[in-house]
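I am opening a notebook on a structure that is new to me, and I want to set down what I looked up in the order in which I looked.

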Amino acid sequence: MRTFDLTPLHRFAIGFDNVSRLLDTASRLDEQAAAYPPYNIEKVSDDAYRITMAVAGFAPETLDVTVHDSTLIISGRQERAEPEGQYLHRGIATRAFERKFELADHIKVRGAAIENGLLHVSLEREVPEEKKPRRIEIASASGPTAITHASTDKDAAAA
């Protein structure tokens, strides 16, 4: 059993209480379960991501995409039907699966689509205005205090 001592992190990291939970989850991963179904995680732009999962043989009604707290859960269940004929080799897996992804703060699931046996789940980072960097003016005895937002590339493009 692996244990991690996170005490040194508590000196400078504030609000990262779930890090130990994430490390525990990562250490308990079953390597065989992590291999099926195969998937890609792609960064589409600065604030957009896409998870693509190979789900050959699964119909849209047998797949489920759910977000619970900050966990994206993708699962597939197939009804067992006796195959017709006799297989000499059966290499296409149709077993049930459940894959979990921990989402960072401010990541929202925008939608899911299935095309050519691939399930695409679109994700986007939405940082609220109050969480964006802002510049704090230092007050002096003779001047007023001012708080302004730091300009970003998106703000400059909007102007």
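The entries below go from the whole chain to its sheets, and then to single residues and rings.

**Entry: the chain as a whole**

I note at the outset that this is a predicted model. I began by listing the secondary structure, and for the protein chain I found 2 helices and 9 strands. Reading from the N terminus, I wrote the order of elements down as α-β-β-β-β-β-β-β-β-β-α, with a helix at the start and another at the end of that series.

I then asked how much of the protein chain is buried. Of its 159 residues, 16% count as buried. The protein chain exposes about 12700 Å², and I recorded that carbon and sulfur atoms supply 51% of this area. For contacts between residues at least 6 apart in sequence, I noted that 46% join residues at least 24 apart.

**Entry: the sheet of 4 strands**

Next I followed the strands of an open sheet, and its 4 strands come in the order E1-E2-E7-E6, with antiparallel pairing. Strand E1 (39-45) and strand E6 (107-115) are at the edges, and because each has a single partner strand, one side of each has no neighbour in the sheet. From one strand to the next, I have the twist down as 20° on average.

I went through the pairings one at a time. E1 and E2 are antiparallel and share 6 bridges, and a hairpin of 2 residues leads from E1 to E2. To fix the register I looked up Asn 40, whose bridge partner in E2 is Thr 52. E2 also runs antiparallel to E7, to which 7 bridges join it, and here Met 53 has Leu 119 of E7 as its bridge partner. E6 pairs with strand E7 (residues 118-125) over 8 bridges, again in the antiparallel sense, and Gly 111 is placed opposite Ser 122 in E7.

Is E2 mostly covered or mostly open? I found it mostly covered, since my tally shows that 5 of its 7 residues are buried, which by the cut-off means under 20% relative accessible area.

**Entry: the sheet of 3 strands**

I then turned to an open sheet of 3 strands, which has the order E3-E4-E5 and antiparallel pairing. Its edge strands are strand E3 (63-68) and strand E5 (97-102), each of which pairs on one side only. The twist in this sheet averages 15° from one strand to the next.

E3 and strand E4 (residues 71-76) run antiparallel and are joined by 6 bridges, and across this pairing I found Val 65 opposite Ile 74 in E4.

While in strand E4 I also looked up Ser 75. Its relative accessible area is 9%, so Ser 75 is buried. Leaving aside residues up to four places away in sequence, I listed what Ser 75 touches as Thr 62, Leu 63, Asp 64, Phe 97 and Glu 98.

**Entry: aromatic rings**

My last search was for aromatic pairs, and over the whole structure it gave 3 of them. In one, the ring centres of Tyr 39 and Phe 101 are 5.2 Å apart and the planes stand at 85°, so I entered the pair as edge-to-face. This pair links distant parts of the chain, with Tyr 39 in strand E1 and Phe 101 in strand E5, 62 residues apart. Which class of exposure does Tyr 39 fall into? Tyr 39 has 34% relative accessibility and therefore counts as partly exposed, whereas Phe 101, at 9%, counts as buried.

Phe 58 and Phe 97 make another edge-to-face pair, with 5.3 Å from centre to centre and 85° between the planes. Phe 58 lies in the loop between strand E2 (48-54) and E3, while Phe 97 is in strand E5, so this pair ties together parts 39 residues apart in sequence. I checked the burial of both rings' residues, and Phe 58 and Phe 97 are each buried.

I finished with Tyr 36, which ring pairs link with Phe 58 and Phe 97 into a cluster. Over the ring of Tyr 36 I found the charged end of Arg 95, at 4.0 Å from the ring centre.

Definitions and conventions: Residues numbered from 1 in each chain as written. Predicted model: local features only at pLDDT ≥ 70, side-chain atom pairs only at ≥ 80, totals over all residues. Heavy atoms only, no water. Pairing = 2+ DSSP bridges. Axes fitted to C-alpha atoms, helices over the stretch in contact; angles between N-to-C directions. Phe/Tyr/Trp six-rings, centres within 6.5 Å; stacked < 30°, edge-to-face > 60°. Buried < 20%, exposed > 50% of the residue type's maximum accessible area, 1.4 Å probe, protein only. Lys NZ or Arg CZ within 6 Å of the ring centre and 35° of its normal. Contact = heavy atoms within 4.5 Å. Areas by Shrake-Rupley, 256 points an atom, 1.4 Å probe, with all protein chains shown as cover.
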